Amino acid sequence: MGASQIQHTCVFGLGWGDEGKGKVVDLLCPLFEAVVRFNGGANAGHTVCVGEEAFAMHLLPTGIIHAEVTSVIGPGVVADPIGLIDEIDRLAARGVDVAGRLKVSDRAHLVLRYHKLEDQLCEKALGAEVRIGTTSRGIGPCYADKMRRTTAVRFADLIHDADLEKRVRWITSARVAALRAMFGPGAELDEDGVVSDLRTARARLARFVCDTTSYLQDAMKCGRPVLFEGANGLLLDVDHGTYPFVTSSSTGPHGIGAGAGVSPALVTKLIGTTKAYSTRVGSGPFMTELADATGDRIRRAGNEYGTTTGRPRRCGWFDSVACRYSARFSGATDIAMMHLDTLSGFDEVGICVAYRLDGDEITAPPACARLAGRIDPVIEMQPGWHEPIRGVRRFEDLPTAARSYVERIETLVGVPVALIGVGPDRSETLVRGPLKNVIDIPASSAA
Ligand code: IMP
């Protein structure tokens, strides 16, 4: 299939993050000229397993492990420069040289030490009821500075603003004073450290900084296909997620316009990723949570611990109401359902088919988190399957109960399930429908 036949594509999460987007992006990468992060920052954790090796990317697009693909950190990303350098160095130690494959937008914002400090102090000060349970990566405070404008720092400033250090010293001392007033002692930060981070960032990252917007617009105009890699998930979206227990960016295809500087109308393949069950890290409503032995069993079977923070993930049954909500507002054209193998061995598996709130049925998560916390999920139990399925390579060869489970979800959500993950490796993936002619699944894993 020629490059011109590949549609510009977005892979994004339909849930609260950790849906397995990294693996989907990795499988699609060879078809694309560029892979673009357009939202979030180092709060993401996209894991790719290649044979015995696991690569966890936080800020770098997953495409970075593919030598022939250009990886772009777009204007909508908030990037911790020291974290980014650390990721680059870790890859270099494993033989992956990012030179020539990485572009960082001059419009992207820098996460600096005071953002992380504010994130941590704020979370510590809040009571368990209202704490968001952030990743402590300074994401919210950095996006707040971006909107405030006068206290923001972009990569363009790092390169072109001769007075940046002076300005950042002023921002740091003003921020520390404000944090001290709010949170008391503990709000300490060394101004020199922040300045030294800027110098390190300039020395190491300047060569990657450029106008990624023009690059992407030109590529897309010439029919060179581009893949957009959404971070976090739609239920964590700042406008449409379970606010305020969300992240601070637009996490789906609607974020592409602002976050990459290209028309989202050009991006016509929209692959929403979900697990075969639900997980959430951090606080906030979780309508199908299983805070019991079944939830623990899913956590163990799926190794559900955060890639970024190592925190145990909350686990529950698949929520078709939330998934349909996410699929509708994002316009998902396909679903990639990962971790189906994790459900092998259960006598029965549950799917939430409706929500009840104070006795009435509601069709979407409510705007108010307090109401969402009171939802009574209607769970439909389906027969489970006991056979291990990691060796299966065709949908038709799955146990009947596993096939019925996938088909029931497809009907409830109203979007075809085009990709199914049956194990962590690239090769452990089933492709259905038209994508079969597009994606080449390796017979076994190779770097
Ligand atoms: P923040 O993005 O660090 O501000 O965290 C806000 C909320 O989003 C917290 O509940 C985090 O646990 C959650 N979160 C942010 N990014 C991800 C992700 O990539 N996967 C899962 N949860 C995330």
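**Figure 1. The two domains of the predicted model, whose centres are separated by 29 Å.** This distance between domain 1 and domain 2 is taken over C-alpha atoms, and the structure shown is a predicted model. According to the domain assignment, domain 1 is made up of two stretches of the chain, residues 7-101 and residues 211-437. Domain 2 is assigned to residues 109-208.

**Figure 2. The interface between domain 1 and domain 2, with a buried area of about 2200 Å².** Carbon and sulfur atoms give 60% of this buried area. Val78, Pro81 and Ile85 together supply 24% of the area that domain 1 buries against domain 2, and no other three residues supply more. In terms of contacts, 31 residues of domain 1 meet 26 residues of domain 2.

**Figure 3. Polar contacts and salt bridges across the domain interface.** Ten residue pairs are in polar contact across the interface of domain 1 and domain 2. Two elements each give two or more residues to the side of domain 1 that touches domain 2, namely β6, residues 78-79, and α2, residues 81-93. The largest share of that side comes from α2, with six residues. Sorted by kind, the residues of domain 1 that touch domain 2 comprise 15 nonpolar, twelve polar and four charged residues. The count of salt bridges between the two domains is two.

**Figure 4. The salt bridge between Asp80 and Lys116.** The two residues meet through their side chains, with a distance of 2.8 Å from N to O. By the domain assignment, residues 7-101 belong to domain 1 and residues 109-208 to domain 2.

**Figure 5. The surroundings of the ligand, formed by 16 residues.** The closest of these residues are Asn43, Thr135, Asn232, Thr247 and Arg311. An oxygen atom of the ligand lies 2.5 Å from an N or O atom in the side chain of Thr135. Backbone atoms also take part in this view: a polar backbone atom of Gly133 is 3.3 Å from an oxygen atom of the ligand, and a polar backbone atom of Ile132 is 3.5 Å from an oxygen atom of the ligand.

**Figure 6. The loop between β10 and α9, which holds Asn232 and Pro244.** This loop follows strand β10, residues 226-229, and leads to helix α9, residues 256-260. Asn232 has a phi near 70°, a positive value in a residue other than glycine. Asn232 is also one of the residues closest to the ligand. Further along the loop, the peptide bond from Tyr243 to Pro244 is cis, with omega near 5°.

**Figure 7. The salt bridge between Lys275 and Glu304.** The whole structure contains 28 salt bridges, and in this one the closest N and O atoms are 2.8 Å apart. Lys275 lies in strand β11, residues 267-275, whereas Glu304 lies in the loop between α10, residues 293-302, and β13, residues 314-316, so the pair ties together parts that are 29 residues apart in sequence.

Notes:
Residues numbered from 1 in each chain as written. Predicted model: local features only at pLDDT ≥ 70, side-chain atom pairs only at ≥ 80, totals over all residues. Heavy atoms only, no water. Domains from an automatic or database assignment. Contact = heavy atoms within 4.5 Å. Buried area = accessible area lost by both parts, 1.4 Å probe. Salt bridge = Lys/Arg side-chain N within 4 Å of Asp/Glu carboxyl O. Polar contact = N/O pair within 3.5 Å; in protein donor to acceptor, adjacent residues only side chain to side chain. Helix = DSSP H or I, 4+ residues; strand = E, 2+ residues; numbered from the N terminus. Nonpolar A, V, L, I, M, F, W, Y, C, P; charged D, E, K, R; others polar. Near = heavy atom within 4 Å.
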